[in-house]
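Work through the following exercises with the sequence and the structure at hand. Try each task before reading its solution.

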Amino acid sequence: MMRTHLPNAAPRRVLVPALTTLTALAALTGCGLFGPATYDRDETAIEADPGEEFTLSVPSNASLGERWYVAEPKPAAGVVRAAGEDQENSGSDADGADGGSQLFRFKAVGRGSTKIRLIHCPVHACIDKGEDSATASPPPSPPPGSTVAPAPVRPTYHTYTVTVK
């Protein structure tokens, strides 16, 4: 049996697996596997590498007037920095529609550890100070002549601990 030698066979043996690997990586990146990590409210311990981006996702129903803010004290600027904020709705614009998330994006900038505190503000529970900042409102006073005090609507805080390796 006569064997035919193809002069381009060696580069093809290297090129095909390399292209297959690159295609697979591109597909996985498109799925978000290698994209920024997203952490829900129950995932409060975050580890990141310098330069890595991550997102905090908290449930929010903007149609009911609730909102989240990054609370004081702000996270250490030498460890993380804010990279933006978005709102994802459930798809319904109806008043009282359930669902939706508020997303806070951050970028790890330097080694260390810091806390990110978010304040959840139901309607009338916070005073908006502008520049995406808020403080808790004083509790509402009962209406004149009322014998029953209204249930106070209070903000709640949620804390994430971020360690940049």
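**Exercise 1. A loop and its proline**

In which loop does Pro73 lie? Describe the peptide bond before this residue as well.

Solution. The model is a predicted one. Step one is to place the residue: Pro73 belongs to the loop between E4 and E5. Step two is to look at the bond that joins Glu72 and Pro73: this peptide bond is cis, with omega at about -5°.

**Exercise 2. The sheet that contains E4**

What is the strand order of the open sheet that contains E4? Name its edge strands and describe how E4 pairs with E7.

Solution. Begin with the order: the four strands are arranged as E2-E10-E7-E4, and the pairing is mixed. Next come the edges, which are strand E2 (45–48) and strand E4 (67–70), each pairing on one side only. From one strand to the next, the twist averages 25°. Now take E4 together with strand E7, residues 112–121: four bridges connect them in the antiparallel sense. For a single pair to find in the structure, go to Tyr69, whose bridge partner in E7 is Ile119.

**Exercise 3. The other four-strand sheet**

Which strands stand at the edges of the sheet with the order E1-E3-E6-E5, and how many bridges join E3 to E6?

Solution. This open sheet has four strands and mixed pairing. Strand E1 (37–39) and E5 have a single partner strand each, so one side of each is left without a neighbour in the sheet. On average, and with direction ignored, neighbouring strands are turned by 25° against each other. Inside the sheet, E3 and E6 run antiparallel and are joined by seven bridges. One residue pair to locate is Leu56 with its bridge partner in E6, Phe104.

**Exercise 4. Salt bridges**

How many salt bridges are counted in the model? Which residues are linked in a network of them?

Solution. Start from the general idea. Side chains of opposite charge can pair when their charged atoms come close. The count comes to four salt bridges, and three of the residues involved, Glu47, Asp49 and Lys165, are linked in a network.

Take the network one contact at a time. Glu47 meets Lys165 at an N to O distance of 3.8 Å. Glu47 is in strand E2 and Lys165 is in the segment after strand E10 (156–164), so this pair links distant parts of the chain, 118 residues apart. Asp49 also forms a salt bridge with Lys165, with the closest N and O atoms 4.0 Å apart. Asp49 sits in the loop between E2 and strand E3 (53–59), 116 residues from Lys165. As for exposure, Lys165 is partly exposed at 42% relative accessibility, and Asp49 is partly exposed at 39%.

Another salt bridge joins the side chains of Asp86 and Arg105, at 2.3 Å from N to O. Asp86 lies in strand E5 (residues 80–88) and Arg105 in strand E6 (residues 101–108), so the pair ties together parts that are 19 residues apart in sequence. Asp86 has a relative accessibility of 39% and counts as partly exposed. Arg105 is partly exposed too, at 29%.

**Exercise 5. The disulfide and a residue in a nearby loop**Which cysteines does the disulfide join? Is His124 buried or exposed?

Solution. The count comes to one disulfide. This disulfide joins Cys121 to Cys126, with 2.0 Å from S to S. The torsion about the S-S bond is about -80°, so the disulfide is left-handed. For accessibility, the cut-off for buried is under 20% relative accessible area. Cys121, at 3%, is therefore buried, and Cys126, at 16%, is buried as well.

His124 lies in the loop between E7 and strand E8 (126–130). The relative accessible area of His124 is 71%, so this residue is exposed. The phi angle of His124 is positive, about 65°, although the residue is not a glycine.

**Exercise 6. A buried or exposed asparagine**

Where is Asn61 found, and with which side chain does the side chain of Asn61 make a polar contact?

Solution. First locate the residue: Asn61 is in the loop between E3 and E4. Then check its accessibility, which is 8%, so Asn61 counts as buried. Last, find the contact: the side chain of Asn61 reaches the side chain of Ser63 in a polar contact of 2.7 Å.

Technical notes: Residues numbered from 1 in each chain as written. Predicted model: local features only at pLDDT ≥ 70, side-chain atom pairs only at ≥ 80, totals over all residues. Heavy atoms only, no water. Disulfide = S-S within 2.5 Å. Buried < 20%, exposed > 50% of the residue type's maximum accessible area, 1.4 Å probe, protein only. Pairing = 2+ DSSP bridges. Helix = DSSP H or I, 4+ residues; strand = E, 2+ residues; numbered from the N terminus. Axes fitted to C-alpha atoms, helices over the stretch in contact; angles between N-to-C directions. Polar contact = N/O pair within 3.5 Å; in protein donor to acceptor, adjacent residues only side chain to side chain.
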